[in-house]
Every structure is written in structure tokens, then in C-alpha cells.
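Please find below a short note on the structure, arranged as numbered points for discussion.

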Amino acid sequence: MERMEDEKPKKKVTMYLIYCVSTAVIGSLQFGYNTGVINAPEQKLRRFFQNVSMERYGEPFSPGTNTMVWSFAVAIFSVGGMIGSFSVGAMVNKFGRRKSMLLANVLALLGGGLMGLSVLAQSFEVVIIGRLIIGVFCGLCTGLTPMYVGEITPTAVRGAFGTLHQLGVVIGILVAQIFGLEFLLGSDTLWPLLLALTILPAILQTIMLPFCPESPRYLLIVLNQEEEARKALVRLRGCEDVSDDIQEMKEEGMKMAMEKKVTIPELFRSPNYRQPIIIAIILQLSQQLSGINAVFYYSTGIFDTAGVTQPIYATIGAGVVNTVFTVVSLFLVERAGRRTLHLIGLAGMAICALLMTISLSLVKTNQSLSYLAIVAVFGFVASFEMGPGPIPWFIVAELFSQGPRPAAMAVSGFSNWTANFLVGLGFPKLEELCGPYVFIIFMVLLILFFIFTFLRVPETRGRTFDDIAQGFAASAGKSPQAPGPEAVVVGLPESKDAVPMSPTEKVPMVDLPEKP
């Protein structure tokens with residue numbers, strides 16, 4: 001028996017599972033690439049807008065109009081993201097997880113094609129429409145990828161694989177920064193190709209996806225196709241005995257059968273879902289309102305102040321730090337836990353925001369402080385990738401059972417994109433008004449997010465989806481006041497209808513009472 005226990009974990013991660021997760025994470029890479037790609041060719045795009053204006057109206061845009069068109073081209077991506085993320089729930093319920101990812105790639109081909117043809121069409125509107133369509137595609141990816149990855153991976157490694165979504169995002173940003181260099185694709189003639197390059201990963205994912213299975217949870221719980229779900233699990237787990245996984249899904253399915261379909265308003269009305277959906281939204285806000293986009297926006301200026309001759313390379317350096325620390329969190333997330341890493345990340349970012357404020361406000365009187373600013377930027381980025389970067393994306397999938405999960409992913413994704421849009425729109429003006437003291441605002445927000453996480457967010461490491469949902473249900477029934485994470489865990493055994501955890505569980509968070 002002991003030997004069997006030792007053998008089981010070895011079968012947890014198979015080459016086929018890695019293939020399926022890698023295929024899904026191409027969507028994350030797309031999101032990162034399209035987020036970062038617009039920054040490098042900014043001046044080229046502005047000149048293109050001027051040329052189009054000259055050709056059409058016989059005079060160039062005024063500086064104010066040019067900035068407005070540029071800002072619109074950047075911000076419309078986030079608007080598309082809001083639309084896409086809000087459509088995830090309806091799309092996965094109708095088409096399933098795998099088919100939804102395939103359909104989303106049509107948008108990537110369309111959006112990338114339009115941006116690539118913008119110079120031939122001599123139309124800046126084509127760039128804007130292309131960015132909108134790509135935004136919708138990326139909004140879908142931010143929901144579809146974490147959901148699919150979370151549903152096909154075993155509980156014991158779900159966190160590590162969940163972090164791969166963020167790793168895909170940061171690699172995408174880094175690739176966009178490198179390809180955006182002047183001597184590669186960031187030149188006056190090649191920038192349309194830089195924007196259209198998103199077509200290639202879309203084609204690659206379209207070729208690879210047919211060899212991946214549909215989510216076994218979707219097959220069993222939504223379509224009631226147990227045999228198909230079993231076949232998919234056998235391939236994913238690399239062993240014939242998948243009865244533990246099937247049993248866990250059946251338990252979750254029985255729970256769903258007793259509930260009516262969960263709509264978005266129901267998430268906020270039901271006491272069982274209210275606490276986890278508030279946690280999901282706040283965690284997504286902690287990612288976007290942490291100031292990470294502001295730091296990337298400001299980094300070139302900080303490096304310039306420090307006397308770096310090529311600030312763009314230092315910014316790419318920050319992108320490398322971004323990627324390295326995402327890999328670090330990938331190895332830590334199953335050891336340290338989601339909640340702990342999120343707290344460490346928020347605390348580190350708050351300290352670095354304070355250091356940035358001090359160094360940037362005093363740099364004129366003491367030039368050597370500019371090096372402290374560089375260290376603070378790298379520390380800020382590293383702390384972000386330890387917790388607030390990867391964790392909000394996959395913990396949302398963990399906080400909800402199969403029934404409310406699509407609606408919850410849609411709401412949390414919409415919150416993330418809305419905050420992204422507001423920061424993108426408001427930060428330049430805020431920075432104009434506050435100067436270096438703008439990071440004090442982010443520091444205060446980070447402290448508030450730290451307090452909320454400490455008091456309200458439960459640890460989900462090593463717990464089944466149903467176990468986590470049961471914990472929230474027990475705490476909601478126990479007290480009208482929302483308890484902290486300890487109450488969620490301790491309250492679980494008090495639920496009379498507590499469903500036993502799956503036997504596949506290796507790290508039980510609580511000892512459930514034995515049934516007579």
C-alpha cells in the first residue's frame with residue numbers, strides 16, 4: 001500500500017498533460033505580447049497618423065489630436081478586453097473550453113491581419129479596429145486559459161501549473177519588447193509586421209488544440225459524458241485508475257445538480273458566493289491597482305535619470321526580472337501557498353514603492369539616489385511576480401465549484417480589465433499632478449490590499465475545488481459576518497453536509513469527521 005502511495009505522485013505529471021497545458025498557455029503569451037507590443041513603435045504610429053491626416057485633409061493632426069488618436073488606439077485594447085472577459089462565461093457554457101479557445105483564434109487572425117494591413121489601407125481606423133478585436137481575443141484568453149489549465153491539472157500541482165498563465169504573459173511582454181527594438185521589427189517600415197506577428201501563435205495553437213482533450217470536468221459535470229471524461233483523464237494522468245478524480249467530479253456534480261444555474265447577479269446575492277466573488281474581485285484589483293503598469297511606464301524615465309545611455313535595454317532588463325521571478329513563484333506556489341506568496345508580494349511592492357518615492361523626490365539633490373530607484377524598480381517587479389502577478393488569475397478558478405466558475409471568471413476578468421483601462425487612462429494625468437509622489441497612492445493601496453488578504457483570503461493550496469466551496473458555504477451559514485480565512489477552514493467540519501475530500505488529496509487542510 002505504501003509503495004502504491006509512493007508511485008501515485010509520479011504519475012501526476014505526464015508529457016501529454018504538459019503538452020495540453022503548453023498549448024493553452026499560448027493564449028497567455030498572446031495576451032502578454034499584445035499588451036507590450038504597442039509601446040515600442042509609439043513614435044512610428046504617431047508619424048503614420050500624421051501622414052494619413054496629410055493625405056486626407058492636406059494638413060497634419062494638431063499635437064493634441066495626435067495624442068488623442070494614439071491614446072484611443074492604446075485604450076481600445078482594454079475596452080476589447082472587458083468585452084472578451086465578460087463573454088467567457090456564456091462562451092464556455094455553450095461551446096466548452098477547447099472549442100472556445102479554437103473560436104477565439106479567429107479573432108486573433110482577424111485583428112492581427114487588420115493591423116498588418118493598416119499601411120496598405122492608409123487608415124489609422126484599421127489599427128484601432130484591429131486593436132479592439134485583439135483586445136476581445138485577449139479578454140477571452142484571460143478567462144479561458146486559467147479555467148482550462150485549472151480543470152485538467154491534478155490538485156497537487158494545480159498551483160504550479162496555474163502560474164504558467166502569468167509566465168506566458170510575461171514572456172509575451174518580453175518578446176514584444178525585444179522584437180520592438182529598432183533594428184528588428186520596430187523600424188518605420190516593419191512596425192505593421194510587429195503588430196501582425198500575433199497571427200503566428202494563433203495558427204500554432206489552432207494546429208495543436210485538436211490533439212488536446214476537452215476539460216474532463218466539463219465532459220462529466222456539464223455534458224454528463226462519464227466515459228469520455230474517463231478517457232481524457234486516463235490520457236492526462238498516464239494511468240488507468242482515475243476513479244479518485246471521477247469520484248471528486250461526481251461529488252461536485254451532485255452539488256451542482258442541487259443548485260440552479262448560477263448567474264452573475266446570483267454571485268452577489270447568494271451568501272455562499274458573495275464572499276468568494278468579493279475576494280476574487282479584490283485580488284484582481286490588487287494586481288492592476290498595485291502600480292505595476294505605472295512602474296513600467298515610468299521605468300524608462302527612471303533609468304534615464306540614472307544616466308543609463310540606452311534606457312530601452314534597462315526596461316528589457318526589468319522584463320527579464322519579470323520572467324525570472326515568475327519562474328521562481330512557479331516553484332514556490334505549492335510549497336509556500338497562494339495566500340503567503342500574495343502577502344509577501346504585496347509587502348515587497350509597498351516597500352519598493354516607498355523607496356521609489358524617496359529616491360525620485362530627492363534625486364536632484366543627491367544623484368546617487370537614482371541607483372536606489374533602479375533597485376526599487378527591479379524589486380517592485382520581482383515582488384509583483386511573486387504574488388499579485390500570477391495568483392489572482394488561477395485562484396479565482398479555485399475559489400468556485402464548476403457551477404459558478406464561468407460566471408465568476410467573467411466577473412473577475414472584467415474587474416481586471418476595467419482597472420487596467422482606468423490606470424492606463426488616469427496614470428499619465430496623475431503623474432503630471434503628483435510627480436514622484438504618485439507612488440505614495442499605490443503604496444497606500446498595496447497596504448489596504450495586504451490587510452484584506454491577511455484577514456479574508458483563505459489558503460487554497462492542496463484543497464479540492466469542492467472542499468474550498470464547502471468551506472465558504474459553511475462559513476456563510478455559520479455567521480452573518482464574513483469570517484477570516486481561519487474561520488473558513490475551521491468552520492468546514494461543522495457543516496453537516498460536508499462532502500469528503502477526494503482520496504487523491506495529499507495535503508488535507510482539515511480533518512473531516514468520519515461518517516458512522
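The points that follow concern the nonpolar cores, two helices and one buried asparagine of a predicted model.

1. The largest nonpolar core holds 84 residues. Within this core, F49, F124, L267, I277 and F400 touch the most other members. Helix 7 (residues 124–152) contributes 13 residues, the largest share of this core. A second core, separate from the other, comprises 30 residues, including I292, I302, L446 and F449.

2. Leaving aside residues up to four places away in sequence, F49 touches F61, N66, V69, W70, A73 and F124. Of these partners, F124 is also among the core residues that touch the most other members.

3. Helix 2 (residues 15–36) has 22 residues, and its end C-alpha atoms lie 31 Å apart, in agreement with the 32 Å that 1.5 Å a residue would give. The helix nevertheless contains a kink of about 25°, centred on A24. Because 16 of its 22 residues are buried, helix 2 is largely enclosed by the rest of the structure.

4. Helix 19 (residues 369–386) comprises 18 residues and reaches 26 Å from its first C-alpha to its last, close to the expected 26 Å. Since 13 of those 18 residues are buried, helix 19 is likewise largely enclosed by the rest of the structure.

5. N322 lies in helix 17 (residues 311–336). Its relative accessible area is 3%, and the limit for a buried residue is under 20%, so N322 counts as buried. Apart from residues up to four places away in sequence, N322 touches V170, F296, V381 and E385.

Methods: Residues are numbered from 1 along each chain as its sequence is written. This is a predicted model: local features need pLDDT of at least 70, side-chain atom pairs count only at pLDDT 80 or more; totals for chains, interfaces and linings use all residues. Side-chain values use heavy atoms; hydrogens and water are left out. A nonpolar core is a set of buried Ala, Val, Leu, Ile, Met, Phe, Trp, Tyr and Cys residues joined through side-chain atoms within 4.5 Å. Buried means under 20% relative accessible area, exposed over 50%, partly exposed in between (1.4 Å probe, protein chains only). Helices (H or I, at least four residues) and strands (E, at least two) are DSSP runs, numbered from the N terminus. Contact means heavy atoms within 4.5 Å. The expected span of a helix is 1.5 Å times one less than its number of residues. The bend at a residue is the angle between axes fitted to the seven residues ending there and the seven starting there.
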